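Student: Could you walk me through this structure? I am new to it and would like to start with the metal site.

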Amino acid sequence: MTRTLITGGLVITANDEVHADVLIEDGRVVGVAAPSSHGWTADRTLDATGKYVIPGGVDAHTHMEMPFGGTYASDDFESGTRAAAWGGTTTIIDFAIQSVGQSLRAGLDAWHAKADGKCAIDYGFHMIMSDVNESSLKEMDGLVSEGISSFKLFTAYPGVFFSDDGKILRAMQKAASNGGLIMMHAENGLAIDVLVEQALARGETDPRYHGEVRKALLEAEATHRVIKLAQVAGAPVYVVHVSAEEALHEIATARHKGLPVFGETCPQYLFLSTDNLAEPDFEGAKYVCSTPLRPKEHQAALWRGLRTNDLQVVSTDHCPFCFTGQKEMGRGDFSKIPNGLPGVENRMDLLHQAVVDGHITRRRWIEIACATPARVFGLYGRKGTIAPGADADIVIYDPAAEQTISAATHHMNVDYSAYEGRRIAGRVETVLSRGEVVIAQGEFKGRAGHGAYLARSTSQYLN
Ligand SMILES: [Zn+2]
């Protein structure tokens, strides 16, 4: 039995900020108590004086090694989870993909094979449903009972991930009966495809047109529609990567009516804008993702949504593609640029900067980045907090340190940073995953295969 004691830090959870010591035994937290109130001894002591002691981040939206447009996201489960650990994230929930014509099981097996033995931190899976039919609908029950309790569908990407309204309704009805949670990528993909074709015909091929054709109105329309479909089905719905103020308004309106509607946003929508998409010499391609970056004015609405709890979660949608050789596939045709941004390493730091900037409080930082994603996706108790019984996934965070984000120093397997040159107050010092040190004093001490697969319960955020 190994006992580790973290002393002298400010322990911050979604609920509390207390000066306390944390005792860890066999990978779990066994005690949190005021320094003078206990007589604990340990094999190893980590001094956190002057530092924050926070739960490891829970990133509920990543795409390691994801196939897209003829290429693959450049981080695999090994490099991506290692980078996550560097950034203070100790749990990811990635997306297993069902291809058209395939069973859910076949997609899930393929993703287990990609991740097994590779991960530095713990991981779970959501299931992307690309082919809703009698048989895949039946499979949903079994998946929920074995720990895949959330299913993502798309109103975007016709011909790839797209499901029509009838299929979405059927999946939502199924989720209403088995306790699953439907996650929606909400953009009107059929209308967007028309606008893409028209823009290209006018010779509008630069990355910035990616943002112009994927209109905020078409995000709002699809958000409104999936909320209504969920209401008809009597199911909760979780809208991923909300970027437009108009879409947030649809979510807020539904929530004010008491509907179980949830919204996630991502750091790129909080910190970046269409100004980045318009960067010259094709540099804008670095910022192509869907939903797209929006004009700066949307940022204030998203921060407000995070403060008022109309948005509950910040995930990364980490889906990196190198500028050289991957993003470049879309030179001369923005619709061929692989969609996605790197970010799994940067989320905890960027949100700490948001605390410093006054957008959110410290406890809200932990709530939107650790506790609520764990609760929404059935991991709370084990993940997302520091309390007796929880996995000892803990970050010692130095709020007084400073750093500059750069591709030259990050650990993600991608040749650029979306936040290049950005100054950040605060830095991860030590990271524990189930009590094992994975990051210490600027060194990676973890290993591929330490990370365990997490079978999740149904959502703990719905009642
Ligand atoms: Zn995504």
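Tutor: Happily! Donors here are N, O and S atoms within 2.8 Å of the metal (3.2 Å for Na, K and Ca), and water is not among the atoms, so sites may look incomplete. This is a predicted model, in which local features need pLDDT of at least 70 and side-chain atom pairs count only at pLDDT 80 or more, while totals for chains, interfaces and linings use all residues. Residues are numbered from 1 along each chain as its sequence is written, and side-chain values use heavy atoms, with hydrogens and water left out.

Student: How are the donor residues of the zinc ion spaced in sequence?

Tutor: The zinc ion is coordinated at 2.0 to 2.2 Å by His61 (NE2), His63 (NE2) and Asp317 (OD). Written along the sequence, the spacing of these donor residues is H-x1-H-x253-D.

Student: Is His61 buried or exposed?

Tutor: Buried means under 20% relative accessible area, exposed over 50%, and partly exposed in between (1.4 Å probe, protein chains only). His63 has 5% relative accessibility, so His63 counts as buried. His61 is at 0%, so His61 is also buried.

Student: Which strands are at the edges of the open sheet?

Tutor: Strands (E, at least two residues) and helices (H or I, at least four) are DSSP runs numbered from the N terminus, and two strands pair if DSSP finds at least two bridges between them. Eight strands make up the open sheet, with parallel pairing, in the order S6-S9-S10-S11-S12-S13-S14-S15. Pairing on one side only marks the edge strands, S6 (57-62) and S15 (313-314).

Student: What is the bridge partner of Ile92 in S10?

Tutor: S9 (residues 89-97) and S10 (residues 122-128) run parallel and are joined by seven bridges. Within S10, the partner of Ile92 is Tyr123.

Student: Are H12 and H13 roughly parallel or roughly antiparallel?

Tutor: Axes are lines fitted to C-alpha atoms, for helices over the stretch in contact (heavy atoms within 4.5 Å), and angles run from 0 to 180 degrees between N-to-C directions. The axes of H12 (residues 347-356) and H13 (residues 362-376) come within 9 Å and cross at roughly 150°. Angles under 35 degrees count as roughly parallel, over 145 as roughly antiparallel, 65 to 115 as roughly perpendicular and the rest as oblique. H12 and H13 are therefore roughly antiparallel.

Student: How do H8 and H11 run, roughly parallel or roughly antiparallel?

Tutor: The axes of H8 (residues 245-256) and H11 (residues 297-308) come within 9 Å, crossing at roughly 25°. That makes the two helices, H8 and H11, roughly parallel.
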